[in-house]
Amino acid sequence: QVQLVESGGGLVQPGGSLRLSCTASGRFFSISSSGWYVQAPGKQRELVGSITTDGRTNYADSVKGRFTISRDNAENTVYLQMNNLKPEDTAVYYCNIRGRIRAFMPPTDYWGQGTQVTVSS
């Protein structure tokens, strides 16, 4: 069983930076993509940014130029560097890895527990 453990959330002033980390406790046979999602109160979970195994990235329009997603395959870790944070970035951020833990298993979405990011003065 694979578990994703997130860290790096917290309270930051507008214009500040945070770096979120997500580490998988087990090994994947293969990974299709990794990403970060947000879920504000009363809203559906939305994509912030994603990265494929060949390094292609995709971002929500609201974070382009401010957020950067990256992966350390050797450490089974996904990062989200968030710069120039705005109050509207406040949300719970969830890590996602879509992959197989065995060759014969279908791709499955794995989720972290969520980490709170609050941007406020």
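This is a short talk through one sheet, one buried glutamate and the nonpolar core of this structure.

Okay, before anything else: what you're looking at is a predicted model. Keep that in mind as we go.

Let's start with the sheet. It's an open one with 4 strands, in the order S1-S3-S8-S7, and the pairing is antiparallel. So what about the edges? Those places go to S1, residues 4-7, and S7, residues 67-72; each has a single partner strand, so one side of each has no neighbour in the sheet. From one strand to the next, the twist averages 15°.

Now zoom in on the S1 end. S1 and S3, which covers residues 18-24, run antiparallel and are joined by 4 bridges. If you want one pair to find on screen, take Ser 7, whose bridge partner in S3 is Ser 21.

Stay on Ser 21 for a second. Buried or exposed? Its relative accessibility is 17%, and the cut-off for buried is under 20%, so Ser 21 counts as buried. Leaving out residues up to four places away in sequence, Ser 21 touches Val 5, Glu 6 and Ser 7, and also Trp 36, Thr 77, Val 78 and Tyr 79.

Glu 6 is the residue I'd like you to remember. It sits in strand S1, and at 7% relative accessibility it counts as buried too. What does its side chain reach? One polar partner is the backbone nitrogen of Cys 95, at 2.5 Å. Another is the backbone nitrogen of Gly 114, which lies 2.6 Å from a polar atom of the Glu 6 side chain. Setting aside neighbours within four places in sequence, the contacts of Glu 6 include Ser 21, Cys 22, Trp 36, Tyr 93 and Gln 113. For a sense of scale, the C-alpha atoms of Glu 6 and Ile 51 are 17 Å apart, with their positions 45 residues apart along the chain.

Last stop, the core. In soluble globular proteins, nonpolar side chains tend to be buried together. Here, the largest nonpolar core has 30 residues, and the ones with the most contacts inside it are Trp 36, Leu 80, Met 82 and Tyr 93. Which elements give two or more residues to this core? That would be S3, S4, S5, S7, S8, S9 and S11.

Take Leu 80 as an example. Again leaving aside neighbours within four places, its contacts include Leu 18, Leu 20, Val 48, Phe 67 and Ile 69, along with Trp 36 and Tyr 93.

That's the tour, thanks.

Methods
Residues numbered from 1 in each chain as written. Predicted model: local features only at pLDDT ≥ 70, side-chain atom pairs only at ≥ 80, totals over all residues. Heavy atoms only, no water. Pairing = 2+ DSSP bridges. Axes fitted to C-alpha atoms, helices over the stretch in contact; angles between N-to-C directions. Buried < 20%, exposed > 50% of the residue type's maximum accessible area, 1.4 Å probe, protein only. Contact = heavy atoms within 4.5 Å. Polar contact = N/O pair within 3.5 Å; in protein donor to acceptor, adjacent residues only side chain to side chain. Core = buried A, V, L, I, M, F, W, Y, C linked by side-chain atoms within 4.5 Å.
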